[in-house]
Each structure stands twice: as structure tokens, then as C-alpha cells.
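Student: Could you take me through this model by question and answer, giving the cut-off behind each term as it comes up?

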2 protein chains.
Amino acid sequence: MTEPDRGQQTRELIVDTALRLFRERGYDETTMRAVAKEAGVSVGNAYYYYASKENLVQEFYLRLQVEHEAAAQPVLERETDFGARLRGVLHAWLDVAGAYHAFAAQFFKIAAEPTSPLSPFSAESSPSRDAAIALMAQVVEGSTARADPELRADLPDLLWLMTLGIVLYWVHDRSPEQANTRLLIDRAVPLVDRLVGLSRLRIMRSVTRDVIALARLLRG
Amino acid sequence: MTEPDRGQQTRELIVDTALRLFRERGYDETTMRAVAKEAGVSVGNAYYYYASKENLVQEFYLRLQVEHEAAAQPVLERETDFGARLRGVLHAWLDVAGAYHAFAAQFFKIAAEPTSPLSPFSAESSPSRDAAIALMAQVVEGSTARADPELRADLPDLLWLMTLGIVLYWVHDRSPEQANTRLLIDRAVPLVDRLVGLSRLRIMRSVTRDVIALARLLRG
DNA sequence: GTCTATAGCAAGATAGAC
DNA sequence: GTCTATCTTGCTATAGAC
């Protein structure tokens, strides 16, 4: 008569507690002992479900991504202009991530480690990475953007890289409400929009081809 | 009759030992106890000279930067073409950094933490950051590159950001001898060269101005 | 100011019993 | 699945020698 999903319940109890403590105290200040105690389980039990403290952060990424996709949907349904779609999707990310800024910056280092499964470039991250790129593909596909046709195929990858750059800026952004990051988006998007438009011009052909080759090299 | 530089010698003994162990075993696997033991000093003494394990890494950065500047000099004396200078300086970085690739990647995370003094954006890093940007200024100044005059002033900053991107790729590069990073440089440099040239054209004026505004926002 | 020895804390992680 | 006990390691503290 044991509950079939008792394990799952314990698992969620642990991660919910951990994410709450992360938000309240920050990553470094949240000890595994504190997580276990607050969740009412033993330290050993917490490690039974999460092999390391970092693994708890992975759960955070997954939840953030789901929230972002939901927040981006209204924009994608409303807008058809490429720049407006891109800007809206990026601002949507800030909307959902803003609440976590203080502690997201603190464990950003974990994602930066090349050997970590939490790296955005790791094999383990490919589900969330693919989803993020797919979102950028939606931005492009549903838009009225007129780009070089070959470039258009690589644009989602490039826009994902741009997003990483913006996130990098965001974690360093100390301005109130991360207003500078919004400013960055509002300046970068029209630039990207213009460059995409220029990609069809004949003078830009060689540049466009170089960019495409570069995008493919970066994808590996 | 005490040696006047006894402290300095001990200091160097400790950091030399640490960097050797980092290279042999990696960062995480090198304990402060092991560094002290190998260097023949006490743990307390090691901490007397280096307040933390991370501070030992900072020494590594400084040495790397000095080596890079030395390796870049012949290129800067030899070449006048902008692309050749940029390519040469970037390859020179790979030449000096290559030996440390395995363990540099391992403690890259330390530099990624926004709050860390080892972050390339931190106030504490400003000496080495300024030096790196100054090196890029040398690349631009001594070259025959014809860029939009206003852009030219911001080019060193932008090239430094480009370098960071290349380093990011490099730490993730698993190809033998990091050959893919060299490929990346060889493809990115002509692209940059072309874009810089195009910046003088009238059609590119608004794009160029956007880029300049962006560069200034990023500098803060 | 330079250095040793040692004891000890905090916290991530593990072992093995139940 | 869950627990308690234990290990490891970055780091600190103290007390003292030269």
C-alpha cells in the first residue's frame, strides 16, 4: 500500500524548498543541510534525489524556460513585425527572469563551467537549448522579415547567441529593475533588424555568406 | 642578515607550485593542503601570501597577459594590414594559452561569476582589461584600416569583446590543439575586416551609428 | 615581518545500516 | 527510500618560534 509516487512527492518537496531558499537567501548561503531541514528530510535523502547542489539549479532553468515560453506566446500571436517580435520575446524573458535576478547572477558561474551539464552548450542542455532556438525560429517564421533566404535558416541560431549575450549583460546589470538591459535590447533589436534587411543587398553578399559560415562553425 | 626578498621567494615558490599542480591535476583536484605540502610550507603560510585559492588563479591571468603581449609584439612590428594584425594577435593568444587549455577551462567558471574580482568586467580586473583593450588599440592604430572615424575610436572596445567571445569558444573547444578556435579566428577576422571597411559607406551610416551607441552602452 | 604546527569550523558529498 | 555518521576540503584561528 505504499504510495506509488511517494518518491516524486519527496523530490518535488526538496526542489521547491531549495528554490524558495535560493530566492530568500541566495545560492551560496543556502546549505544542503538547510534545504533538508526545511523540507523535513535528511541530508542523505536530499542527495538521493539530487546528486549535487548544482542539480537543483537545473530544475530552476527548466521552470524558467517554461515560464518564458508562456510569456512569449501573447507577443508571437500579436506581432508580425520582426523587430517587434524579437523585442517582445526578449522583454518577456526579462519579465519572468527579473524576480530571480539577485540569485540567478550568483549561480551563473555554474552555467559558465564548460564541463558542467548546466552549460548552455552541453549535451545535457540540448532539450532546453533546442527549445530556446525553436522559440527564435518562431520569431523569424511568423514575421514579415525579408532576409537573405540562406541567412534566414541560420537566423534562429544567431538570435539564440544574441540572447546569451544579453543574459550575460543582464547578470552583470546592477541598474534598478535591470533597466539597462531593457535599454540594451531596445538598441540592439533595431540594429539586428536593419542588418537582416541589408543582408539581401548585393554589396552585403560576401558579408552575409561569411556570417552564415560562421554560424555553422559555431553550431559545430 | 635576513634575506630582504625572502618573502618574495616564498610567494613565488607557492604560486609556482600551485600553477604546476593546477596543470597536472586540475583546479578542483588541487587542494591547498597539497600546494602547501609540495611547496614545503605550512597551510597557514600559503594563506599568508594568498588570501584564497582563487587568488592563485589571478596570478595565472597576469602571467598569461604578459606572455600574450610579448608574443603579440612581433606581429605588431611586422604587419600593417588590419586583418593580418588582428589575426596575428589573436593567434598569439592561442599560442601562449594553448599549454593551459585543459585547466584554464576548469577554472573559467571563476571568471564568469559576476561578483568575483576575477571577472573580466570587475573593477579589480581593470588593469588587465585596460591592457588588453590597449593592445587592441595598437592593432587598430598601427594598421591601414579605413573605418568610419567615429567607429574607429570604439573599435578597440569592440575587438576586446570579440576576444572574449573567442575565449568563450576556446574553453569549450575540444578539437585537437584547439584547431577549431583557429578556424574561428580565420573566418571571423576577414568578416570583421570587411564590416569595418563597409562602415564608411553611406548606406551603412545608421547601422554604424547604432553599433557605436551599443558599444558605448556596453562600456557603461 | 615570516613561518610552523595544530586544532577546528562549515558545508558539500558519501557510506552503509535499516 | 530514508536515515545517521563520517569524510573531505576550503578556510580560519591561535600560539608561538625566529
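The exchange below turns to the two DNA strands, then to a surface patch and a loop.

Tutor: This is a predicted model, in which local features need pLDDT of at least 70 and side-chain atom pairs count only at pLDDT 80 or more, while totals for chains, interfaces and linings use all residues. Residues are numbered from 1 along each chain as its sequence is written, chains are lettered from A and ligands numbered from 1 in the order in which they are written, and side-chain values use heavy atoms, with hydrogens and water left out.

Student: Which residues come nearest to DNA strand C?

Tutor: A residue is near a strand if one of its heavy atoms lies within 4 Å of it, and 17 residues are found around DNA strand C. Of the strand C atoms within 4 Å of the protein, 67% belong to sugar or phosphate and the rest to bases. Those that come nearest are Met32(A), Tyr47(A), Lys53(A), Thr10(B) and Tyr49(B).

Student: How far from a phosphate oxygen of DNA strand C is a polar side-chain atom of Tyr49(B)?

Tutor: A polar contact is a pair of N or O atoms within 3.5 Å; within protein, one must be able to donate a hydrogen and the other to accept it, and residues adjacent in sequence count only if both atoms are side-chain atoms. For Lys53(A), a side-chain N or O atom is 2.8 Å from a phosphate oxygen of strand C, and for Tyr48(B) the corresponding polar side-chain atom lies at 2.9 Å. For Tyr49(B), the distance to a phosphate oxygen of strand C is 2.2 Å.

Student: Which element gives the most to the surface near DNA strand C?

Tutor: Helices here are DSSP runs (H or I, at least four residues), as are strands (E, at least two), numbered from the N terminus. Two or more residues come from each of helix H2 (32–39) of chain A and helices H1 (6–25) and H3 (43–49) of chain B. With 3 residues, the element that gives the most is H3(B).

Student: Which element gives the most to the surface near DNA strand D?

Tutor: Side-chain N or O atoms of Thr10(A) come to 3.3 Å from a phosphate oxygen of strand D, a polar backbone atom of Ser42(A) is 2.8 Å from a phosphate oxygen, and a polar side-chain atom of Asn45(A) lies 3.1 Å from a sugar or linking oxygen. The elements giving two or more residues are helices H1 (6–25) and H3 (43–49) of chain A together with helix H2 (32–39) of chain B. The one that gives the most, with 4 residues, is H3(A).

Student: Is Gln178(B) buried or exposed?

Tutor: Gln178(B) lies in the loop between H9 and H10 of chain B, and its phi is positive, about 55 degrees, although it is not a glycine. Buried means under 20% relative accessible area, exposed over 50%, and partly exposed in between (1.4 Å probe, protein chains only). Glu177(B), in the loop between helix H9 (149–172) and helix H10 (179–198) of chain B, counts as exposed at 70%. Because its relative accessibility is 12%, Gln178(B) counts as buried.

Student: What is the relative accessible area of Leu218(A)?

Tutor: The place of Leu218(A) is in helix H11 (residues 205–219) of chain A. Leu218(A) is partly exposed, and its relative accessible area is 34%.
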